[in-house]
Amino acid sequence: MGSEEEKKPLLDHVQDDDEEEELSDCGGSLACNPRRGLHRYLVLIIMCFLSFGSYFCYDNPAALQDTMIKDLNINESTFMGFYSWYSWPNVILCFFGGFLIDKLFGVRLGAIIFSLFVTVGQVIFATGAMFNSPIIMDAGRFVFGIGGESLAVAQNTYAVKWFQGRELNMVFGLQLSFSRVGSTVNMNVMHPIYKAINAALDGYKCLGVALYVGAGMCIFSLFCALSLAYFDKRADRVLKRKVLSSDEKIRITDVKEFPLTFWLISVICVAYYVAVFPFVGLGLVFFEMKFGFTPTLANSVNSLVYIISAGASPLFGFLIDKSGKNIFWVITGILSTLGCHAVLAFTFINPFVAMSIMGLAYSILASALWPMVSLVVKSNQLGTAYGIMQAIQNLGLAVISLVAGIIVDSKGYLILEVFFLAWLCLALIAAVLLYLVDASRGGLLNLSSRQRHNKPDDLGVN
Amino acid sequence: MASACIVKMKFVSVLLVFSYFATANGRKITTVLNPDCDVPECTAGYKNGSYANIAHIKAVGSEDTLHYVISTIGVPSVLVIRSDPTSSLNFNWTNLLSDNATERSGSITLNGKALKNSFAVVFTELIEYNDVDDKATIASYFHGDTKSTNYTIHDFGEMMWSQVVTAPGNKNSAVFNYTIFKNDSNVEKPEASLSFTFNAYDNTGRQSVLPKMEYNMNNTLLDLLLNNLTVLYEKSRFSVGVVMIGTSQDKPDITETRSLDDEYTPGVFKMFDWSTKPSSKEDGGYLEWKPICYTSSSRNRLSGTYVNSDDRTDGMHQKHYLERSVAYSYFGDKLFSTEVVTSGTNMSFGLTQDGFYVKKNYTVWSATIGHGAPPQDAISILVIGVISAGLGLPVVIILFGGIFVIVKKHMAKKDQVMRNFSNSYSQINS
């Protein structure tokens, strides 16, 4: 494998291809030429906003919790229903969403369809509020959920398609950070919007109109899906990306042939995420009571993981792109999180330290873990693979959140922390196994970036 | 490192507790409500409908007897007299209820030998304050501002106490209840209540409900309930003034114990004990509590809110309350002499941003009052088991896995060397 070979195909490709499309006007410029980096980055911006609407609307209920409970005259559990109607169906649904992207829709149509679901779901949700009907609102959240999680799968698939072998880790980090930005913007914007509308309308009517504003964000994301489809199609044409041949039929049973490494990545994913997010969900009381924080302070510590990951994950993604060695980064992330939980459980050290490090560790793990899937699964099955991973993660989060609540109510936070530590140990074992299995198969996942560049043929098992 | 130290200390305390119970004999506990009562105020009530109440819980041991005299006469108080095992108490009800302090003094007398370290806990007043700044502590409103319109003192002495009864299911108990009725279309309906409930046990155990305070034969469990009270302010919170009266010459002091383990009371990592003899707690009396009260009768983690006891005083500015208590009926003027040392605090119920008392209109707080070393929560076998299984197992797996891999790699290397060797050998041979 000399550097000769590395350059050769590219040159040949450009020079020898008679049918090379002439890109005229803007089409040939840096910004619009799919062969150039700048074009990719511009598409990346659209890609990030693809799921902005869904992340914005997902937390609409939380942002308007008090007013929602008052305006609709509902109790706490009906309110929580708005979240369970989203999350529980997605324990299964996003697996099918991912599969449909591979089998039927393709990523372009898939993204558009799921964006439509998101928009329609949010419209139903808002309409339900207009008519003060929690049942219609639940239905809205259900439809919204069908779109939301599968849209995230489509976004991952897009990311791999455009950035594999380039800045993929950074792109995943950036998408993660954008999901946080979406919900943060929502948290800060929805209340002022509600107040502004309140000048003209009262009660649930006001709530309904505020939620229609959320639907506006979804329509914006729908436009992103449409323009992404256009650019992607154009790029396929210009770059002559491989079109899936019809004899490569995808069946749902192909899942059985997914490599062991994929399943290990999924285990790491679920075992790690359940040790972070259910904890954040129960963190407030813990910080108030164990460390004597005021509710305001406790809230800031608790949201540190989100805030830090929003800023740090693109940076770590960039670092991981530069260095390669994804498994090493994953293990680093798990070990640091283990340390943080241990410090929270067994010491009285100020939790600002542990939670900040946990935010960084989470960013490292998320940007290093998700891109690895594209290295072990065929590209025409990526939708299914990401769908499965997302589904397993949703299942884990839903079940473990319930279990964590039960544990803390009956046995307290110390045992809860031990429970999370045990999950992290499981993630660690899976990561070490992943390293061993991968090493026995040539060590593709843990190559440094230089080694990866020297081995372009192995990139993306096409 | 600090954690290891604390865990170690816990183990020591487990041992101490075990050895303590192994040597101490049991106590026989009996309860008499309104003992020796010969006045109508405790059988038919005062003219205004309120009753004069005393519960006498007697815990007879082999070395001493603890007489708990619990009463709402004057102000709610718990007087704990420590005396020889065969001792008994006399109550002169006419003097007990007198308006004249001199007559009240000595209206409760001990037959037998008094032992050291009798003590009393007096609940002096119920303060309702308008927590405009949402600070959740009385300290910022109550002191130094006598003209403040931001608080109101509800005098326990003016409350209409029902006749004392035992709690269902425990004959060694006493419920002091004040019910507020609401006139609803000429039918009086109970609307709100304030109650002090005391439970004594001759064994060691824990409350069946949160905060699961530990009770034993040397203490009595207290529950204070403020149910559905009508508030005077938009942002009302309640605070109870408490004075600890000790006779050990030590100044009663509140000690805070932190713990990593919240298995008994989820979400609570602190315990407070207010010993009358901080220098050697096992000889003194105590009030022990966790800084948590609950805003619903189901007492779950989510309904828990804080109890702030930072507003410390020396208790003596509440002298006029102490003089009305049964502590004065027993100690007399000795209460204000150098033989007795007091300290006080206000227990403020609630936490910033919890929506004030009106959010749930319910507050219940538990504590124990007793003699000897205040019980400390020890890490249970269960927790130790879970920690060793949850963390030990993965460590073992990783350790053995690591050794396995290293050994395997080493073997592979050896094989490789052998193969290289044999390869070169065959090459030579060919």
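A residue is called buried when its relative accessible area is under 20%, exposed when it is over 50%, and partly exposed in between. The exercises below concern a predicted model, and several of their solutions apply these cut-offs.

**Exercise 1. Classify A:Cys425 as buried or exposed, and state which cysteine sulfur is nearest to its own.**

Solution. Step one is to take the relative accessible area of A:Cys425, which is 6%, so that this residue counts as buried. Step two is to look for a partner: A:Cys425 is in no disulfide, and the nearest cysteine sulfur, that of A:Cys340, is 14 Å away.

**Exercise 2. Find the disulfide of the structure and compare the accessibility of its two cysteines.**

Solution. Over all chains the structure holds one disulfide, and the residues it joins are B:Cys37 and B:Cys42, with an S to S distance of 1.5 Å. Turning to accessibility, B:Cys37 has a value of 23% and therefore counts as partly exposed, whereas B:Cys42, at 1%, counts as buried. A cysteine of the other chain, A:Cys94, is in no disulfide, the nearest cysteine sulfur being that of A:Cys269, 11 Å away; A:Cys94 is itself buried, with a relative accessible area of 0%.

**Exercise 3. Describe the interface of chain B and chain A, beginning with its extent and ending with its polar features.**

Solution. Begin with the residues: 29 of chain B are in contact with 27 of chain A. The two chains bury about 2,600 Å² between them, and 75% of this area lies on carbon and sulfur atoms. Within chain B, the residues that lose the most area to chain A are B:Leu260, B:Phe269 and B:Arg301, which together account for 24% of what that side buries.

Next, consider the charged and polar pairs. The rule finds one salt bridge across the interface, and A:Asp409 forms a salt bridge with B:Arg301 in which the closest N and O atoms are 2.7 Å apart. Five residue pairs across the interface are in polar contact.

Finally, assign the chain B side to its elements. Those giving two or more residues are helix 1 (2-23), strand 17 (285-294) and helix 8 (381-429) of chain B, and the largest share, ten residues, comes from helix 8. By class, this side has 18 nonpolar, six polar and five charged residues.

**Exercise 4. Locate the salt bridges of B:Arg299, B:Glu256 and B:Asp273, and decide how accessible their residues are.**

Solution. Over all chains the structure holds 18 salt bridges. For the first case, B:Arg299 pairs with B:Asp223, the closest N and O atoms being 3.1 Å apart. This pair links distant parts of the chain, since B:Arg299 lies in the loop between strand 17 and strand 18 (304-313) and B:Asp223 in strand 13 (residues 219-227), 76 residues apart. Both ends fall under the cut-off: B:Arg299 is buried at 11%, and B:Asp223 is buried at 13%.

For the second case, B:Glu256 pairs with B:Lys270, with the closest N and O atoms 3.9 Å apart. Here B:Glu256 in strand 15 is linked to B:Lys270 in strand 16 (residues 270-275), 14 residues apart. The two ends are classified as follows: B:Glu256 is partly exposed at 41%, while B:Lys270 is buried at 16%.

For the third case, B:Asp273 forms a salt bridge with B:Lys281 at 3.0 Å between the closest N and O atoms, and both of these residues are buried. In chain A, salt bridges that share partners join A:Arg108, A:Lys161, A:Asp232 and A:Asp236 into one network.

**Exercise 5. Examine the backbone of chain B at B:Pro211, B:Asp134 and B:Gln249.**

Solution. Start with the peptide bond that joins B:Leu210 and B:Pro211, which is cis, with omega about 5 degrees; B:Pro211 sits in the loop between strand 11 (205-206) and strand 12 (214-215). Then consider phi. B:Asp134, although not a glycine, has a positive phi of about 50 degrees, and this residue is found in the loop between strand 7 (119-130) and helix 5 (139-142) of chain B. B:Gln249, also a residue other than glycine, has a positive phi near 75 degrees and is placed in the loop between strand 14 (236-246) and strand 15 (253-258). As a last step, apply the cut-offs: B:Asp134, at 18%, counts as buried, whereas B:Gln249, at 52%, counts as exposed.

Notes:
Residues are numbered from 1 along each chain as its sequence is written. Chains are lettered from A and ligands numbered from 1 in the order in which they are written. This is a predicted model: local features need pLDDT of at least 70, side-chain atom pairs count only at pLDDT 80 or more; totals for chains, interfaces and linings use all residues. Side-chain values use heavy atoms; hydrogens and water are left out. Contact means heavy atoms within 4.5 Å. Buried area is the accessible area (1.4 Å probe) that two parts lose on being put together, summed over both. A salt bridge is a side-chain nitrogen of Lys or Arg within 4 Å of a carboxyl oxygen of Asp or Glu. A polar contact is a pair of N or O atoms within 3.5 Å; within protein, one must be able to donate a hydrogen and the other to accept it, and residues adjacent in sequence count only if both atoms are side-chain atoms. Helices (H or I, at least four residues) and strands (E, at least two) are DSSP runs, numbered from the N terminus. Ala, Val, Leu, Ile, Met, Phe, Trp, Tyr, Cys and Pro count as nonpolar, Asp, Glu, Lys and Arg as charged, and the others, Gly among them, as polar. Buried means under 20% relative accessible area, exposed over 50%, partly exposed in between (1.4 Å probe, protein chains only). A disulfide is a pair of cysteine sulfur atoms within 2.5 Å.
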